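Open the model in your viewer and keep the sequence panel beside it. The tour below goes from the whole chain to single side chains.

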Amino acid sequence: MLAGRKSRIETRIDEYLEMGVPYVWLLDPEAKRGWEYTREGWIEAPDGIMRTANPELAMPLSEAFAD
């Protein structure tokens, strides 16, 4: 990701979290990677599955990037 673009994305994610959105998922279709953001921080999708706890949701990255 380009530095300016990354900064804008991170700012937008912070705005969503400040508004009370509990989970924000960021997907990179070129690299086929995903990150989960919460107020506690962020992690790259463990074991290739995007998750939330409340409500409980799970989405494999392979489904998100299926042709």
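Start with the contact map. Among contacts with a separation of 6 or more, those between residues 24 or more positions apart make up 28%. Keep in mind that this is a predicted model.

**Whole chain**

Show the C-alpha trace. Its span along the principal axes is about 30 × 30 × 15 Å. Switch to cartoon. Two helices and five strands appear. Read from the N terminus, their order is α-β-β-β-β-β-α. Now add a surface. The exposed area is about 5100 Å², and carbon and sulfur atoms supply 52% of it. Of the 67 residues, 22% count as buried.

**The sheet**

Select strand 1 (24-28) and strand 2 (33-38), then add strand 3 (41-44). Together they make an open sheet of three strands in the order 1-2-3, paired antiparallel. Which strands are at the edges? Strand 1 and strand 3 are, and each pairs on one side only. Look along the sheet next. On average, neighbouring strands are turned by 20 degrees against each other, direction ignored.

Turn on backbone hydrogen bonds. Strands of a sheet pair through these bonds, either parallel or antiparallel. Five bridges link strand 1 with strand 2 in the antiparallel sense. Between strand 2 and strand 3, also antiparallel, there are four bridges.

Now visit the turns. The hairpin of strand 1 and strand 2 has four residues between the strands. Select Lys 32 in that turn and check its backbone: phi is positive, at about 55 degrees. The hairpin of strand 2 and strand 3 has two residues between its strands.

**Across the strands**

Centre on Leu 26 in strand 1. Opposite Leu 26, in strand 2, stands Trp 35. Step across to the other side of Trp 35: Glu 44 of strand 3 stands opposite Trp 35. Move one label along and select Glu 36. Its bridge partner in strand 3 is Ile 43. Rotate to compare the faces. In a regular strand the side chains alternate between the two faces of the sheet.

Colour by accessibility. How many residues of strand 2 are buried? Five of its six are, so strand 2 is mostly covered.

**The nonpolar core**

Select Ile 13, Leu 17, Val 24, Leu 26, Trp 35 and Tyr 37 and show their side chains. These six residues form the largest nonpolar core. Helix 1 (3-18), strand 1 and strand 2 each give two or more residues to this core.

Stay on Leu 26. Is Leu 26 buried or exposed? It counts as buried because its relative accessibility is 15%, and the cut-off for buried is under 20%. Draw a distance from Leu 26 to Ile 9. The two are 17 residues apart in sequence, and their C-alpha atoms are 9.0 Å apart.

Then centre on Tyr 37. Which residues touch Tyr 37, leaving aside neighbours within four places in sequence? Its contacts are Ile 13, Leu 17, Pro 22, Tyr 23, Val 24, Leu 26 and Trp 42. Core members Ile 13, Leu 17, Val 24 and Leu 26 are in that list.

**Salt bridges**

Show charged side chains. Side chains of opposite charge can pair when their charged atoms come close. The structure holds four salt bridges. Three stops follow.

Go to helix 1. Lys 6 and Glu 10 form a salt bridge at 2.9 Å, N to O. Why do these two line up? They are four residues apart in helix 1, so about one helical turn separates them. Both ends are partly exposed: Lys 6 at 39% relative accessibility, and Glu 10 at 34%.

Return to the sheet and select Arg 33 with Glu 44. Their closest N and O atoms are 2.8 Å apart, in a salt bridge. Arg 33 lies in strand 2 and Glu 44 in strand 3, so this pair ties together parts eleven residues apart in sequence. Arg 33 is partly exposed at 35% relative accessibility. Glu 44 is partly exposed too, at 36%. This Glu 44 is the residue that stands opposite Trp 35.

Finish with Arg 51 and Asp 47. Their salt bridge has its closest N and O atoms 3.0 Å apart. Arg 51, at 34% relative accessibility, counts as partly exposed. Asp 47 counts as exposed, at 59%.

How values were computed
Residues are numbered from 1 along each chain as its sequence is written. This is a predicted model: local features need pLDDT of at least 70, side-chain atom pairs count only at pLDDT 80 or more; totals for chains, interfaces and linings use all residues. Side-chain values use heavy atoms; hydrogens and water are left out. A nonpolar core is a set of buried Ala, Val, Leu, Ile, Met, Phe, Trp, Tyr and Cys residues joined through side-chain atoms within 4.5 Å. Buried means under 20% relative accessible area, exposed over 50%, partly exposed in between (1.4 Å probe, protein chains only). Contact means heavy atoms within 4.5 Å. Two strands pair if DSSP finds at least two bridges between them. Axes are lines fitted to C-alpha atoms, for helices over the stretch in contact, and angles run from 0 to 180 degrees between N-to-C directions. A salt bridge is a side-chain nitrogen of Lys or Arg within 4 Å of a carboxyl oxygen of Asp or Glu. Accessible areas come from the Shrake-Rupley method with a 1.4 Å probe; for residues, only the protein chains shown count as cover.
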